[in-house]
Amino acid sequence: ERTGKVLGEFCRCYKEQFGVALFNSVRYEIEGNGGPQAQLLHRKVPLEDHVIYSGNLFHYIEENKKWRNRFCVVPHNYGLVLYENKLAYERDLPPRVLINSAGYKILTSVDQYLELVNSSLPGVTPKLGQTPIFKCPTDFPLILWHPYARHYYFCVMTGKEQEKWRAVFQDCVRHCNNGISEHSKVEAPAFTDAVRMYRQSKEQYGTWDMLCGNETQVLSNLVMEELLPELRNAIGPRLKGKAQERQRTWIQISDAVYRMVYEQTNAQYDAAMAKCEQERPQMESTIRTDMDQIITSKEHLASKIRAFVLPKAEVCVRNHVQPYISSILEALMTPTSQGFAEVREVFFKEVTDMNMNIVNEGGLEKLVEYMEKLSHLAFHPVKMQSCYEKMEQLKLEGLQQRFDVTSTSVFKQRAQIHMRQQMDDAVHTFETLLHQELGKLQGKDDLCKSIQRILERVLKKYDYDSSTVRKKFFREALLQITIPFLLKKLAPTCKGELAKYQELIFEDFASFILVENTYEEVVLQSVMKDIMQAVKEAAVQRKHNLYRDSVVMHNSDPNLHLLGESIPIDWGDEQSAQPEAEPHGDRRRRAKQVVSVIQDDEGVLPYAVGAEALLQPGSPQPPELEEPPPDGVEEIRKVLAKESHGGAADIPSGASVQHTMPASPKTRADVPPEAKLPHGTPASLGTQASPVPKAKTPSPSTGSVCHQPSDKETGEEVPVTPPQPPSTTESGEGVQTEF
């Protein structure tokens, strides 16, 4: 009932915003309004057919309260796919768990996790000395926490591993949060504006942390934001058992409700989308026919609203916003510019190291090997971590409360995505220019000089593009902080008077001109001049290496963008043409792995012992011990103690002993391709996230080559069939398709 009510109101907002977004899109197409031309090339499909990371880690199975080793694979769509072990992955056996990490937080402390769990169910706090929700067998946990969906518990054996996996998980969260396609010029702006209008109708202004994931996930979060407090009040007092049991039960209830909400939301939103798409051709025809009249009508409406609103808005800006713009800008500029400077430094270091290695090791023969690694530098979470960490220093302190900014994570993640994109653009431009030069080079010395010359050219282009990107980011962030504050301040005196302006809109144009949107544009204009001036002054003072607006680079490389339209470079194929190339299957398997730092190849971990034997065809299922303990913590501690003395041993019952997977259909679930949240107006007031139920299942092919997970292996998009409980083995463990 609650889902239907929320979605009914939202779909009404979406239908209104769809017409406005369609008009804006067609108008932009006709009039054009391009900014400075980017100097770096943009790669269209950066990670096609690549697996980004893989490695072993412990996973806590809640159903039987045991820890099991898992081989985790992160495909190009940034889902987390957990297999029984590495051999199961290579033999294309079904994965155990599929996780979409949108909306999750990565925790590396059990105490930090328990603090969040205790706050989720007020009045229920375990007494000192009581057993917590789970025990971690090592000092290096990795916990995925979500306010509504189920939680995931992992651990590793060293602090170094923990840091690496934390960087991997954060990369997955960052990417999955950014789940609304930026390539959609109508649907995406309509959706984000509709979410904002709906929340403002409930007196909720400012950024929203749970604008995470794809559209269905965001809407599920919107429903849960209202539904969960009511559920907690109704169900919380009725929960029985010890405090930790009540907490565990509450997490399971919240997860189950979240899945139900997701299913209903998915169906209703799809129906609303289909209806708008059906009406789109007729609306677009009207827009193109009557464009001039619609623009004239909108300008007339805006002039009337401006005469009423602008004096009040300017006073509000002068008294409550203008004094703080420079402080907000400085707080944003310092960590952001440090992060982009670190991107430049990492890129410079990687290319310089490659050049030195080529001098020492043998010219062109080694070039393709190094370029294969360099080409995906932007997607290497460990090497990029130093860049991302700079942005973690962002603090708005007192400004955060003044302007009702609930969290700075919105701005941190957006800047980090820009950093990754700029790194990839720089790498792609470098490899394109270098590839063009290869046929002209004579020997090692020519190659090294050419690499140095191209590096200097690319760095100049990077400096210009990064300045443009940062200035745009600063303007957008300032608008996202100040516009909701102004709207909230002006609402008591202005909002009630807007209805009278509706009569100024012709009925034929009512789908493309909304009083509420025009009012917000007027408010935006009231502060935009001050924001533009603040960013301009920062550039004039050469703060943080920003270029002045008057510095424009036009066609410094006229043929470069033509090169960007050519067939993508595959350094793996270049390498296979070398005389000493590896066998094709082994080479391809390694070439498709972006990061190899979290592998178990260098030594057998104690939790991987016996994995191969378990997957031998026809081998009997290993028996459980007659009296299994309540969990696998003690066993793992014993094994780790043995390992520290040089001995490797199998982990008994619930830790290392695994049931072989039956030859059942393969569980899959969809995840959207890489996408970016649209920005540029206060429409984008957050980041993106949400759940996923069950999915389709092609049969595994025994003995096939290394399985490459597709977009369907991250548990995001879901068929409309209702979620089923996981089918469990004798140990209580089953294939789980998760959020």
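**View 1. Helix α3 has a buried side and an exposed side.** On one side of helix α3 in this predicted model, Asp111 and Glu115 are exposed. Look across to the other side for the buried residues of α3 (residues 110–120): Tyr113, Leu114 and Val117. These three cover an arc of only 95 degrees around the axis, which puts them on the same side of α3. What covers them? The cover includes the strands β5 (105–107), β6 (140–145) and β7 (152–156), together with helix α7. At the N-terminal end of α3, find Ser109, which acts as a cap. A side-chain oxygen of Ser109 lies 3.3 Å from the backbone nitrogen of Asp111.

**View 2. Strand β7 is mostly covered.** How many of the five residues of β7 are buried? Five of the five are. Follow the strand and you can sort its side chains by direction: Tyr152, Phe154 and Val156 point one way, while Tyr153 and Cys155 point the other way. Both sets are buried.

**View 3. Strand β7 pairs with β6 and with β1.** Start with β6 and β7, which run antiparallel and are joined by five bridges. Here Ile143 stands opposite Tyr153 of β7. A hairpin of six residues leads from β6 to β7. Now turn to β1, which also pairs with β7 in the antiparallel sense, over two bridges. Which residue of β7 is the bridge partner of Phe58? That partner is Cys155.

**View 4. Phe430 sits among many neighbours in the largest nonpolar core.** This core holds 162 residues. Four phenylalanines touch the most other members: Phe10, Phe169, Phe347 and Phe430. Helix α8 (residues 291–361) gives the most to the core, with 25 residues. Leaving aside residues up to four places away in sequence, which residues does Phe430 touch? The list runs through Phe347, Val351, Met354, Met371, Leu374, Ile451, Ile454, Leu455 and Val458.

Apart from the largest core lies another one, of 15 residues. Its members include Trp67, Phe134, Ile143 and Ile251. You have already met Ile143, the residue opposite Tyr153 of β7.

**View 5. Gln385 is buried in helix α10.** This glutamine is found in α10, which spans residues 381–391. Is Gln385 buried or exposed? Its relative accessible area is 13%, and buried means under 20%, so Gln385 counts as buried. Among residues over four places away in sequence, Gln385 touches Arg166, Ala167 and Gln170.

**View 6. Two salt bridges each span about one turn of a helix.** Side chains of opposite charge can pair when their charged atoms come close. The structure holds 32 salt bridges, and two of them make a handy pair to study. In one, the side chains of Arg12 and Glu16 meet at 3.7 Å, N to O. Both residues lie in helix α1 (residues 2–31), four residues apart, about one turn of the helix. Arg12 is partly exposed, with a relative accessible area of 46%. Glu16 is partly exposed too, at 33% relative accessibility.

In the other, the side chains of Asp255 and Arg259 meet at 3.2 Å, N to O. This pair belongs to helix α7 (residues 243–289), where being four residues apart separates the two by about one helical turn. How exposed or buried are they? Asp255 is buried, with a relative accessible area of 10%. Arg259 is also buried, at 13%.

**View 7. Glu431 and Arg43 bring distant parts of the sequence together.** Their side chains meet in a salt bridge of 2.8 Å, N to O. Why does this pair tie together parts that are 388 residues apart in sequence? Glu431 lies in helix α12 (residues 409–437) and Arg43 in the loop between α1 and β1 (51–61), so the bridge links these two parts. Both Glu431 and Arg43 are buried.

**View 8. Six charged residues form a network of salt bridges.** Which residues are linked in this network? The glutamates are Glu29, Glu187, Glu277 and Glu284, and the arginines are Arg280 and Arg288. Try tracing the network from residue to residue in the structure above.

Definitions and conventions: Residues are numbered from 1 along each chain as its sequence is written. This is a predicted model: local features need pLDDT of at least 70, side-chain atom pairs count only at pLDDT 80 or more; totals for chains, interfaces and linings use all residues. Side-chain values use heavy atoms; hydrogens and water are left out. A nonpolar core is a set of buried Ala, Val, Leu, Ile, Met, Phe, Trp, Tyr and Cys residues joined through side-chain atoms within 4.5 Å. Buried means under 20% relative accessible area, exposed over 50%, partly exposed in between (1.4 Å probe, protein chains only). Contact means heavy atoms within 4.5 Å. A salt bridge is a side-chain nitrogen of Lys or Arg within 4 Å of a carboxyl oxygen of Asp or Glu. The arc is that of the directions from the helix axis to the C-beta atoms. A polar contact is a pair of N or O atoms within 3.5 Å; within protein, one must be able to donate a hydrogen and the other to accept it, and residues adjacent in sequence count only if both atoms are side-chain atoms. Two strands pair if DSSP finds at least two bridges between them.
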